Amino acid sequence: MRVLRGALLRAVSSNVVAVRALACKGSAVRALSGKGSAAWNEEWRWLGLGAVQEASAPALNRLMFVQTGFGCDQHGDRKGAGATSAAVRACRNAIEFNSIPGMVDHVPGGRKNMLIHVKLGIPEGYSVDHDEIRATFPYGRLLPVEVIHGGLTYGCGRVVTELGDEDDTAIVVVAAVSIGYNDPNDASEGHKTYDTRDGH
């Protein structure tokens, strides 16, 4: 009985240590997540990941994946950060619940050659840090980000000066993230559109 009790106590003690370790790790992740848009960027850097920004890249003429996302930022420095936090959240929202393992087999050269096109709808008068958008993606080649007027602003009813607020303006950004690759044997500048009337 004593042997059994000792083994049980050791097992419980071991589990407590494991849980505490996980809790500490979770606290670190939560602390990092509290940094907002920088959280994912830092995680990718730690893992040696991150998309590459392409100043000019071949056309994305083989479209494989399209997803949309929504991001909202209720507080912060609008003059400096602009709509960046909301834009990063929109991109994250577009990709965070998806898995695309087939890219490794279907994109020539693997995931490093995967082309990423991001189209953002942001409220007029606001800017976006394109490097922060790039850092949101763990791999691939980010084409120049396309920014158009869209999204919206609204009054959230709360001013938090400690977060840099000057008024209660909240910013909403929408994102369309398209992923695919370039087929050098195809001279077209855009992707093919499939139509059910053609049997697709």
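Q: Where is Pro138 found?
A: In this predicted model, Pro138 sits in the loop that runs between helix H5 (130-135) and strand E4 (141-142).

Q: Why is Pro138 called buried or exposed?
A: Pro138 has a relative accessible area of 15%. Buried means under 20%, so Pro138 counts as buried.

Q: Which residues are in contact with Pro138, leaving aside its neighbours within four places in sequence?
A: Trp44, Leu49, Gly50 and Ala51 are the contacts of Pro138 beyond that window. Take Gly50 as an example: the C-alpha atoms of Pro138 and Gly50 lie 4.2 Å apart, although 88 residues separate the two in sequence.

Q: What makes Tyr139 count as it does on the accessibility scale?
A: Tyr139 has a relative accessibility of 24%. The buried class ends under 20% and the exposed class begins over 50%, so Tyr139 is partly exposed. Tyr139 is also found in the loop between H5 and E4.

Q: Which residues does Tyr139 contact, leaving aside neighbours within four places in sequence?
A: Tyr139 is in contact with Gly50, Ala51, Arg111, Met114 and Ile116. As for spacing, Tyr139 and Val52 are 87 residues apart in sequence, with 7.2 Å from C-alpha to C-alpha.

Q: Which residues lie nearest the centre of the largest pocket?
A: Ile95, Asn98, Ile100, Pro138 and Tyr139 lie nearest the centre, out of 15 residues that line this pocket. The pocket's volume is about 260 Å³.

Q: How do the residues of the lining of the largest pocket divide?
A: The lining holds 12 nonpolar residues, two polar ones and one charged one. Pro and Tyr both belong to the nonpolar class.

Q: Which residues have the most contacts inside the largest nonpolar core?
A: This core has 28 residues, and those with the most contacts inside it are Ile116, Val118, Leu120, Ile133, Phe137, Val173 and Val177. Helix H3 (84-95), strand E3 (115-122) and strand E7 (169-181) each give two or more residues to the core. The largest share comes from H3, with seven residues.

Q: Which residues are in contact with Phe137, leaving aside its neighbours within four places in sequence?
A: Phe137 is in contact with Trp44, Gly50, Ala51, Cys91, Ile95, Ile116, Val118 and Val177.

Q: How do you know whether Gly71 is buried or exposed?
A: The relative accessible area of Gly71 is 1%. The limit for buried is under 20%, so Gly71 is buried. Gly71 lies in strand E2 (residues 62-73).

Q: What does Gly71 touch, not counting residues up to four places away in sequence?
A: Gly71 touches Ala86, Arg89, Ala90, Ile171, Val172 and Val173. Thr84 lies 13 residues from Gly71 along the sequence, and their C-alpha atoms are 9.8 Å apart.

Q: Where is the place of His117, and with what is His117 in contact?
A: His117 belongs to strand E3. Leaving aside neighbours within four places in sequence, His117 is in contact with Leu60, Leu143, Pro144, Glu146, Ala176, Val177 and Ser178. The C-alpha atoms of His117 and Val177 are separated by 5.8 Å, with their positions 60 residues apart along the chain.

Q: What pattern does the protein follow, read along the sequence?
A: The order is α-α-β-β-α-α-β-α-β-β-β-β, made of five helices and seven strands.

Q: What share of the contacts with a separation of 6 or more is accounted for by residues 24 or more positions apart?
A: Such pairs account for 81% of those contacts. The pair Pro138 and Gly50, 88 residues apart in sequence, is one of the examples given above of residues far apart along the chain.

Q: What percentage of the residues in the protein is buried?
A: Buried residues make up 35% of the 200 residues. The accessible surface comes to about 12,300 Å², and 54% of that surface belongs to carbon and sulfur atoms.

Terms used:
Residues are numbered from 1 along each chain as its sequence is written. This is a predicted model: local features need pLDDT of at least 70, side-chain atom pairs count only at pLDDT 80 or more; totals for chains, interfaces and linings use all residues. Side-chain values use heavy atoms; hydrogens and water are left out. Helices (H or I, at least four residues) and strands (E, at least two) are DSSP runs, numbered from the N terminus. Buried means under 20% relative accessible area, exposed over 50%, partly exposed in between (1.4 Å probe, protein chains only). Contact means heavy atoms within 4.5 Å. Accessible areas come from the Shrake-Rupley method with a 1.4 Å probe; for residues, only the protein chains shown count as cover. On a 1 Å grid over the protein atoms alone, a cavity is a set of points where a 1.4 Å probe fits but cannot get out, and a pocket is an open set with protein on both sides within 12 Å along at least five of seven lines; lining residues have an atom within 4 Å of a point. Grid points are joined across faces, edges and corners, and a volume is the space filled by probe spheres set on the points. A nonpolar core is a set of buried Ala, Val, Leu, Ile, Met, Phe, Trp, Tyr and Cys residues joined through side-chain atoms within 4.5 Å.
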